[in-house]
Amino acid sequence: PFPSLLHQVRAMGVDVSAALPSDLSPYVCIVDAVFGFSFKGANNIRAPFDTIIPALVNTSVPIASVDVPSGWEVERGSPDGIQPDVLISLTAPKLCAKHFKGRHHWLGGRFVPPSLAEKYSLNLPEYPGADQIVLI
């Protein structure tokens, strides 16, 4: 469904698979970017994600989740869901980030104008130099 993205990924030498391997142990890290902040809850997971999410919940391989860990509700998180070692929040941490218990929480993208941060009382960290990501 995303031919341009697939082309870019393959051009970078990244293997693309249509199925999740049954053994995840050879991997050193898994990037979880399956769902975004518009996800509507664990009861709405459709195939093939209904098998992928439980596999990620049960793996011992470290997981880096982008914005909202897949299967988490954006406001409430998911204590029984994926528990990533790294969370990379985009633009601003979502409410569910307060339930993150992993090792490193990064904030990526300095896209919020000061007036918008003030309007919504966002307490965003300072980015060093020209960095686009900061450890929070």
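A residue counts as exposed when its relative accessible area is over 50%, and as buried when that area is under 20%. Keep those two cut-offs in mind as you look at this predicted model. The chain has 136 residues, and buried ones make up 30% of them. Here's a quick tour.

**Overall layout**
- You'll find three helices and five strands in the chain.
- Starting at the N terminus, the elements come in the order α-β-α-β-β-β-α-β.
- If you draw a box along the principal axes, the C-alpha atoms fill roughly 45 × 35 × 30 Å.

**The start of the chain**
- Helix α1 covers residues 3-11, and it is hardly covered itself: among its nine residues, the count of buried ones is zero.
- Just after α1 you meet G13, which has a positive phi of about 85°.

**The largest pocket**
- This pocket has a volume of about 1,400 Å³.
- It is lined by 29 residues, and the closest to its centre are V16, S17, V31, V34 and I52.
- Three elements give two or more residues to the lining: α1, β1 (30-32) and α2 (49-58).
- Helix α2 provides the largest share of the lining, with five residues.
- What sort of residues line the largest pocket, by class? The lining has 24 nonpolar residues, plus two polar and three charged ones.

**A nonpolar patch on the surface**
- L116, Y120 and L122 together make a nonpolar surface patch of about 280 Å².
- Look for Y120 in the loop between α3 (114-119) and β5 (133-135).
- Is Y120 buried or exposed? Its relative accessible area is 51%, so Y120 counts as exposed, given that the cut-off is over 50%.

**Two non-glycine residues with positive phi**
- S121 also lies in the loop between α3 and β5. Its phi is positive, about 55°, even though S121 isn't a glycine.
- With 63% relative accessibility, S121 is exposed.
- D67 is another residue other than glycine with a positive phi, in this case near 70°. You can spot D67 in the loop between β2 (63-66) and β3 (86-90).
- Don't assume that a loop residue has to be out in the open: D67 has a relative accessible area of 9%, so it counts as buried, as the cut-off for that is under 20%.

Technical notes
Residues are numbered from 1 along each chain as its sequence is written. This is a predicted model: local features need pLDDT of at least 70, side-chain atom pairs count only at pLDDT 80 or more; totals for chains, interfaces and linings use all residues. Side-chain values use heavy atoms; hydrogens and water are left out. Buried means under 20% relative accessible area, exposed over 50%, partly exposed in between (1.4 Å probe, protein chains only). Helices (H or I, at least four residues) and strands (E, at least two) are DSSP runs, numbered from the N terminus. On a 1 Å grid over the protein atoms alone, a cavity is a set of points where a 1.4 Å probe fits but cannot get out, and a pocket is an open set with protein on both sides within 12 Å along at least five of seven lines; lining residues have an atom within 4 Å of a point. Grid points are joined across faces, edges and corners, and a volume is the space filled by probe spheres set on the points. Ala, Val, Leu, Ile, Met, Phe, Trp, Tyr, Cys and Pro count as nonpolar, Asp, Glu, Lys and Arg as charged, and the others, Gly among them, as polar. Patches are made of residues with over 30% relative accessible area and no salt bridge: like charges are joined within 9 Å, nonpolar side chains (Val, Leu, Ile, Met, Phe, Trp, Tyr) within 5 Å. Accessible areas come from the Shrake-Rupley method with a 1.4 Å probe; for residues, only the protein chains shown count as cover. A salt bridge is a side-chain nitrogen of Lys or Arg within 4 Å of a carboxyl oxygen of Asp or Glu.
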